[in-house]
Amino acid sequence: MRIIRFLKNWTLPVAMLCGVLAYLVCCELPLTVQAKHTILWATELLQPILLFLMLFVSFCKIRPSDLRPHRWHLWLLLTQCALFTLCSLLLWAFPTTDARLVVEGFMLAVICPTATACAVVTQKLGGDSAATTSYTIIINMAVALFCPLLLPLAHPQAGMTFLPASLVIINKVFPLLIVPLFLAWFVRYLVPGFHKKILQQKDLAFYMWAVSLAIAIAVTCRALSHSDESLWHVGGIAVATLIACLFQFAYGRVVGRRYGMSLEAGQAMGQKNTVFIIWLGYTFLSPITATAGGFYSIWHNVVNSYQLYKKRRDTSA
């Protein structure tokens with residue numbers, strides 16, 4: 001029972017450690033190249049499935065009438081877009097700067113939309129998951145329109161224009177965001193018995209997120225081990241994403257406090273879809289920039305682990 005209690009209390013750190021160990025074990029096993037490709041294919045297939053199911057379970061707990069905009073949504077959106085624009089203009093003005101990779105890592109960390117698991121963690125912390133879900137939808141739509149406008153400016157590529165880039169981003173984001181939402185509403189109104197059983201599974205979405213996190217950390221370890229960039233660049237991206245993470249959690253809390261939603265705003269701005277950061281880096285920037293998603297995944301889950309620990313401590317006091 002003590003082991004089970006420990007695993008429940010420290011689910012996120014344990015999941016991160018399991019991800020690291022899983023990657024190290026796979027590296028040491030005498031596997032063929034084909035077997036390693038099969039494992040990589042399986043992880044790439046499993047992660048979106050887990051995210052889809054996790055979102056479906058989370059959305060089952062949210063009524064359609066709960067999804068509405070809040071004033072703090074606008075402030076967070078404007079701040080993310082302003083920081084991304086500033087970084088893009090900086091790279092456009094100084095295209096050969098040695099700090100390019102570091103700036104690119106930071107700009108991905110600030111413009112990246114809210115994590116799909118944000119509603120899960122927010123609910124676990126006792127916050128309003130509907131408010132963070134509303135912002136998740138808003139920021140994803142903004143990113144699909146805003147990134148294609150400025151990414152060609154920050155990192156020019158032949159043939160990359162607004163419309164194709166927008167469609168690529170929409171195709172990546174919306175199937176994992178909108179489809180689970182409408183499916184949850186379908187089940188709520190047309191299959192109420194099944195919907196009731198889902199609601200009875202209190203922490204199901206959270207543990208799905210833990211498995212998904214372990215996979216994400218394993219993928220991060222693989223990306224870092226295969227990187228041939230200098231330690232200065234890798235370390236610079238790690239520091240830049242740490243600064244971005246701490247700033248966004250703190251800024252979100254400060255803004256949200258004005259509207260009585262400090263926790264929700266902090267989570268909405270600080271907890272990111274790190275899989276999207278990795279994909280965005282690989283697709284539009286460079287493989288080394290994609291490691292920003294891996295580093296950010298570590299930082300925001302450390303913050304979430306501390307918040308969950310603090311919640312348990314305050315509850316038991």
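Q: Which residues does Leu 83 touch, not counting residues up to four places away in sequence?
A: In this predicted model, Leu 83 touches Val 110 and Phe 247. Contact means heavy atoms within 4.5 Å, so both pairs meet that limit. Leu 83 itself is found in helix α4.

Q: How far apart are Leu 83 and Ile 111 in sequence and in space?
A: They are 28 residues apart in sequence, and their C-alpha atoms are 7.8 Å apart in space.

Q: What makes up the secondary structure of the protein chain, in helices and strands?
A: The protein chain has 15 helices and zero strands.

Q: Why does the radius of gyration of the protein chain agree with that of a compact globule?
A: A compact globule with 317 residues would have a radius of gyration near 20 Å. The protein chain has 19 Å, which agrees with that value. Along its principal axes, the C-alpha trace spans about 55 × 55 × 40 Å.

Q: What share of the residues in the protein chain is buried?
A: Buried residues make up 50% of the 317 residues. A residue is given this label when its relative accessible area is under 20%.

Q: Why is Thr 241 called buried or exposed?
A: The relative accessibility of Thr 241 is 0%. The limit for a buried residue is under 20%, and therefore Thr 241 counts as buried. Thr 241 is found in helix α12.

Q: Which residues are in contact with Thr 241, leaving aside its neighbours within four places in sequence?
A: Thr 241 is in contact with Gly 105, Ala 109, Ala 292, Phe 295, Tyr 296 and Trp 299. Of these contacts, Gly 105 lies 136 residues from Thr 241 in sequence, while the two C-alpha atoms are 6.7 Å apart in space.

Q: Why is Val 187 called buried or exposed?
A: Val 187 has a relative accessible area of 7%. Because buried means under 20%, Val 187 is buried. Val 187 is found in helix α9, residues 178-190. Leaving aside neighbours within four places in sequence, Val 187 is in contact with Phe 56, Pro 192, Phe 194 and His 195.

Q: How far apart are Val 187 and Thr 241 in sequence and in space?
A: Val 187 and Thr 241 are 54 residues apart in sequence and 39 Å apart in space, C-alpha to C-alpha.

Q: Why is Leu 204 called buried, partly exposed or exposed?
A: Leu 204 has 33% relative accessibility. Partly exposed residues fall between the buried limit of under 20% and the exposed limit of over 50%, so Leu 204 counts as partly exposed. Leu 204 is found in helix α11, residues 204-225. The C-alpha atoms of Leu 204 and Val 120 are separated by 9.5 Å, although the two residues are 84 residues apart along the chain.

Q: What makes up the largest nonpolar core?
A: The largest nonpolar core has 52 residues, and those with the most contacts inside it are Trp 72, Ile 169 and Leu 280. Among the elements that give two or more residues to this core are α4 (71-93), α7 (129-154), α8 (162-173) and α12 (231-257). The largest share, 11 residues, comes from α7.

Q: Which residues are in contact with Ile 169, leaving aside its neighbours within four places in sequence?
A: Ile 169 is in contact with Val 143, Ala 144, Cys 147, Pro 148, Phe 276, Trp 279, Leu 280 and Phe 284. A second, separate core of 36 residues includes Phe 56, Ile 62, Leu 181 and Met 208.

Q: How many positive and negative side chains has the protein chain?
A: The protein chain has 24 positive and 11 negative side chains, and the centres of the two sets lie 14 Å apart.

Terms used
Residues are numbered from 1 along each chain as its sequence is written. This is a predicted model: local features need pLDDT of at least 70, side-chain atom pairs count only at pLDDT 80 or more; totals for chains, interfaces and linings use all residues. Side-chain values use heavy atoms; hydrogens and water are left out. Helices (H or I, at least four residues) and strands (E, at least two) are DSSP runs, numbered from the N terminus. The radius of gyration is taken over C-alpha atoms; the globule rule is 2.2 Å times the number of residues to the power 0.38. Buried means under 20% relative accessible area, exposed over 50%, partly exposed in between (1.4 Å probe, protein chains only). Lys and Arg count as positive and Asp and Glu as negative; His and the chain ends are not counted. The place of a charge is taken as NZ of Lys, CZ of Arg, CG of Asp or CD of Glu. A nonpolar core is a set of buried Ala, Val, Leu, Ile, Met, Phe, Trp, Tyr and Cys residues joined through side-chain atoms within 4.5 Å.
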